[in-house]
2 protein chains.
Amino acid sequence: MHTAIIGVGLIGGSFAKDIKKLWPEATIYGIDSNPEHVQQALDLSIIDQKADYAVLAECDLVIVSIPVDILVVELPKILDACGEDTVVVDAGSTKQLICETVAEHPKRRNFLACHPISGTEFSGPKAAMDGLYQGKTNIICEVEKTAFVLQERALKLFQALDMRIRYMNPVAHDKHIAYVSHLSHISSFMLGKTVIEKEKNERDIFDMAGSGFESTVRLAKSSPQMWTPIIKQNKKEVVETLNEYIQNLEHFKQLLFEEDYESVFSEMDNTNRIKQILKGIPLTKNKINDGE
Amino acid sequence: MHTAIIGVGLIGGSFAKDIKKLWPEATIYGIDSNPEHVQQALDLSIIDQKADYAVLAECDLVIVSIPVDILVVELPKILDACGEDTVVVDAGSTKQLICETVAEHPKRRNFLACHPISGTEFSGPKAAMDGLYQGKTNIICEVEKTAFVLQERALKLFQALDMRIRYMNPVAHDKHIAYVSHLSHISSFMLGKTVIEKEKNERDIFDMAGSGFESTVRLAKSSPQMWTPIIKQNKKEVVETLNEYIQNLEHFKQLLFEEDYESVFSEMDNTNRIKQILKGIPLTKNKINDGE
């Protein structure tokens, strides 16, 4: 299987590693605007050859794993360059603008809009790992717009990787993902900011913080290069989640003002059922995920 | 060493297990208002004998690990009952009210105010584990108010457990801990609430949430029984941290409104240095900590 990976970082590189394991005869072409990453990917045998879009016409599978602002610019060009029988799969954390961008593209049927809910705190080819996608959810949007035989080829890969497939429309994807991913990132960044600003003497944080704090601010390690365009593309939904989150925080504060500790208790008690919900979330082996 | 553990849950039980390992000849008395927990602790050989406050007069060491609202009621009685040569150590997540409560107690010199920054998501004697405190910070307040020989006995234990000792006054403790622990818990509870409220169909959360979300809402699993009194006792500081956190979230939302994505980028980029800060936090082996 001729495969091109556009963006040979954590996401693309991990796909490449798994594909190589599943189909040792596959040729993996690597395309990346960062020449250092291409070289690293070659050195690590993640890709077989450096390439450019000219190779896409001969590929069975193209995986596009680049920041979503670059994705909306490049995806039409990628489809222009791909063959009649190529399936182009993306891994963007937003789906509405991406799907709109190629809605009228003559090769729309060659594109499968995907969002694999997986990642780690690290980035670049060195962060690529085997089995990153095992047991993880892959959200597929507008599946009906992709040629059936090409859907099948992509699904064969996802099933071989043991991913859980969920179908969703792009609007619903962006709405829900704002709650379970984008808001988490902002809440974490702002928590980090609040503590860093207050604790000018960082030794105090270092000494008093436990793993609970670490867990809550973990996503504040995420890449601003990746996250600014995600938040920008999903601005409307993100603002709505922020409004609701701020409202809930204000309400909690109000309960403290009123010394209504019965309600403070209830607020926490009602949210405890997150335990049951979280039980269903598959964890990445190395635990940390800011790549959603 | 005669040791009494008042509150034989995760915190007290883990101390008991480590003490038994360090000093096999020690006798561990267990005191708990919950008879089931006492029985479990006996069955698990965490404690040697069930006891009541009458035993405290003969004890070298008493560890009090109960919710902070009960702690302020019980601590004076515990000091009343303890011997002239007993050191009473607490593990409360607040320090100011606790220290005030016993400030004038005739046996104030028998008390060492402590806050071990350690825990897991679980509670009760079954959650007690070996080595919970290894490498963790223990904040000691008003050390000068404790008899020197009794400080030494407690420190011998903490050093044997490989804890990092930090001395702090109770006001500073409550102020800083509001940022690195109490605010994290509230931000996590309110994030969980926001998502649960919105996503009435919980399958959507389950399917779309990744380990990033899991990490950010992990503390929303924490016990409301334990956390309501902590927040109540530290209300003033907690409200201040909440004000600053909400202000930062509002500012971020405003930047989105104004489409000022350069500033959105900077907000995240500036907070990325949390990476360096987090490197210094020792992790609990089983990773999850809501017991701070």
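**Notebook: sheet, core and two-fold pairing**

I looked up the sheet of chain A: eight strands form an open sheet, ordered β3-β2-β1-β4-β5-β6-β7-β8, with mixed pairing. At its edges I found β3 (49-50) and β8 (164-168) of chain A; each has a single partner strand, so one side of each has no neighbour in the sheet. I note that this is a predicted model.

Next I checked how β1 and β2 of chain A are joined. Strand β1 (residues 2-6) runs parallel to β2 (residues 27-31), and five bridges join them. I took A:H2 as an example and found its bridge partner in β2(A) to be A:T27.

Then I turned to the helices. Helix α1 (residues 10-22) of chain A packs on the sheet and touches β1, β2 and β4 (61-64) of chain A. The direction of α1 makes about 160 degrees with that of β1(A). Helix α5 (residues 148-160) of chain A lies across β4, β5 (87-90), β6 (111-116), β7 (137-141) and β8 of chain A, at about 50 degrees to β5(A).

I looked at the largest nonpolar core, which has 168 residues. Those touching the most other members are A:I5, A:V62, A:V64, B:I5, B:V62 and B:V64. For B:V62 I listed contacts beyond four places in sequence; among them are B:A4, B:I6, B:L56, B:I78 and B:V89.

Last, I compared the chains. Chain A superposes on chain B by a rotation of 180 degrees with 0.0 Å of shift along the axis (RMSD 0.0 Å). The copies are therefore related as by a two-fold rotation axis. In chain A, the C-alpha of A:T216 is nearest the axis, 2.2 Å from it. I also noted that 100% of the interface residues of chain A are interface residues in chain B too, so the copies meet through the same surface.

Technical notes:
Residues numbered from 1 in each chain as written. Chains lettered and ligands numbered in written order. Predicted model: local features only at pLDDT ≥ 70, side-chain atom pairs only at ≥ 80, totals over all residues. Core = buried A, V, L, I, M, F, W, Y, C linked by C-beta atoms within 7 Å. Buried ≥ 20, exposed ≤ 12 C-beta atoms within 10 Å, placed from the backbone. Contact = placed C-beta atoms within 7 Å. Pairing = 2+ DSSP bridges. Helix = DSSP H or I, 4+ residues; strand = E, 2+ residues; numbered from the N terminus. Axes fitted to C-alpha atoms, helices over the stretch in contact; angles between N-to-C directions. Least-squares fit on C-alpha atoms with pLDDT ≥ 70 in both.
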